[in-house]
Amino acid sequence: MLKKIECFIQPFKLDAVMDAIIEAGVEGISMSEVKGFGRQRGFLKGEVPNKLVKLLPKVKLEMVIDEEKIEEVTKTLVKLCQTGEFGAGKIFVLPVEDAIRIRTQESGISAIV
Amino acid sequence: MAVENMWEITLARLDKIMEMLSLSEGIKKYLREPRKTIEVAIPVKMDDGSIEIFKGYRVQHNTNRGPGKGGIRYHQDVNLDEVKALAMLMTWKCAVVGIPFGGAKGGVIVDPTRLSSGEIERITRRYIYEIIDNIGPEKDIPAPDVGTNSKVMAWIMDTYSMGKGYSVPGVVTGKPISLGGSQGREDATSRGCVYSILSTLKVLKIEKHTLDIVIQGFGNVGSNAAKILFDLGHKIIAISDVTGGLINKKGINPYKLGEYISKGEMLSGYPEADHIEGSKIFEIECDVLVPAALENQITGSNAAKIKAKIIAEGANGPTTPDADKILNENKIFIIPDILCNAGGVTVSYFEWVQGNLAYFWGKREVNLKLRDIMEKAFYDVYDCCVVKKIDMRTAASILGVSRVAEAVVLRGIYP
């Protein structure tokens with residue numbers, strides 16, 4: 001069964017995270033630079049809010065992997081991205097109905113390995 | 001069709017597998033014996049007013065992993081030994097694909113082609129009535145096999161339901177869709193077979209856009225496999241059935257061929273291909289050979305001539321043990337029957353689940369779920385084959401038998 005991981009992390013963690021999840025067996029990742037906020041509405045500890053929200057830069061990683069690898073990959077992400085502070089990020093795990101490799105038309109698990 | 005001593009052959013194969021698994025003597029004895037064997041006499045009033053007695057069997061080989069599951073065969077060559085062997089093979093097949101069923105099989109000694117529809121209906125109803133206490137959604141779930149079809153399954157469901165006083169769709173699978181049959185049941189075996197072929201390409205690292213496919217048999221399994229592979233862009237270069245064989249290196253369109261045959265024509269008369277002898281079909285150079293006809297087609301005498309890279313056994317038992325040896329020596333990759341054609345029993349399982357839930361899935365959902373199960377089973381068998389350095393057939397049997405043996409050990413012996 002295929003699953004998709006969408007995670008939002010601190011930009012300075014990117015390099016370490018990429019290396020580690022490739023090690024964990026992930027074959028492909030898409031990355032985008034995004035801005036967003038969470039429960040803190042983007043304000044850092046001690047900061048006095050002068051508006052409703054503040055958008056902070058984050059990196060969004062997307063990858064589709066076999067469900068058997070989810071545990072290992074999410075553990076790796078958590079271990080590497082934890083800062084002990086607010087704003088460390090979030091991981092979402094989504095079900096994927098199907099995948100198709102365009103070049104070969106392979107589908108399902110074959111499309112991602 | 002009946003193989004001489006099929007039961008003995010099946011037992012001998014099982015003994016070899018159990019030896020490799022180093023099971024205890026007690027468990028070995030347990031797995032060799034069918035749990036329940038039922039033999040019934042089926043008296044039927046024939047159309048001409050006479051009374052005939054038919055003999056029917058139902059064998060439940062093992063029910064440790066769940067209710068028995070297996071087809072009912074109407075054929076003049078049915079005998080108890082064959083039914084016992086087929087029931088045992090069902091046990092391993094369900095275990096290999098990891099669906100929660102045991103193995104069973106049934107049969108009636110009758111040539112259905114010589115009887116009227118009414119006579120077959122009366123045989124079916126009386127046969128089911130005789131075994132009614134031994135079947136049921138939680139005990140043993142029949143399905144179609146040689147000589148039986150969805151119409152017969154509908155009669156079985158009706159007979160059982162009348163006996164119980166309410167509708168029980170989960171008692172049988174392979175029903176018409178309007179009575180609780182599953183979407184995608186018709187081509188499930190072929191689809192499962194194709195998923196196994198695609199997984200094989202992956203592990204063998206064959207990256208070829210257009211595979212050359214040869215299919216023996218143009219019945220349900222063969223014709224649907226041809227259509228699915230054709231839709232994926234592969235080339236069906238040869239097809240055969242009982243009437244003879246066709247070859248066309250440019251590819252045969254299975255849809256057109258299907259239409260041609262449905263007009264009552266013989267496959268061998270199809271104009272858009274050259275004709276060859278049916279038995280020559282195995283000698284054609286190709287990427288994938290799909291035997292989808294009867295048992296014992298690839299034998300010691302023709303195995304050496306096979307030039308395929310992959311053999312996907314759509315039929316049950318198409319390869320004899322001596323042929324197996326030759327194919328393995330020639331490094332031909334075999335996807336064994338208990339894995340390759342398990343798509344049928346898998347969608348039967350889906351039909352049973354849907355019937356019990358009274359909630360039905362769409363075709364796409366069925367096919368995706370089937371693919372998940374088939375791929376998982378394939379990689380389980382392939383991993384076992386690589387780790388233990390054995391051939392795929394032995395790996396599949398080892399996996400099936402060990403899963404059942406584990407269930408037996410865990411449940412223990414009652415009382």
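What share of the contacts in chain B with a separation of 6 or more is made by residues 24 or more positions apart? In this predicted model, such residues account for 70% of those contacts.

The secondary structure of chain B consists of 13 helices and 12 strands. The radius of gyration of this chain is 21 Å, close to the 22 Å that the globule rule gives for 415 residues, and chain B is therefore as compact as a globular protein of that length. Along the principal axes, the C-alpha trace of chain B extends over about 55 × 55 × 40 Å. Of the 415 residues in chain B, 50% are buried.

Helix α6 of chain B was examined individually. This helix comprises 16 residues, 188-203. With a rise of 1.5 Å a residue, α6(B) should span 22 Å, and the computed separation of its end C-alpha atoms, 23 Å, agrees with that expectation. Burial was assessed by counting neighbours, a residue being classed as buried if 20 or more other C-beta atoms lie within 10 Å of its own. By this criterion 14 of the 16 residues of α6(B) are buried, so the helix is largely enclosed by the rest of the structure. After α6(B) comes B:Lys205, which has a positive phi, near 55°.

Contacts between the two chains were also considered. Nine residues of chain A are in contact with eight residues of chain B. On the chain A side, the residues touching chain B comprise two nonpolar, four polar and three charged residues.

Methods. Residues numbered from 1 in each chain as written. Chains lettered and ligands numbered in written order. Predicted model: local features only at pLDDT ≥ 70, side-chain atom pairs only at ≥ 80, totals over all residues. Contact = placed C-beta atoms within 7 Å. Nonpolar A, V, L, I, M, F, W, Y, C, P; charged D, E, K, R; others polar. Helix = DSSP H or I, 4+ residues; strand = E, 2+ residues; numbered from the N terminus. Expected span 1.5 Å × (residues − 1). Buried ≥ 20, exposed ≤ 12 C-beta atoms within 10 Å, placed from the backbone. Rg over C-alpha atoms; globule rule 2.2 N^0.38 Å.
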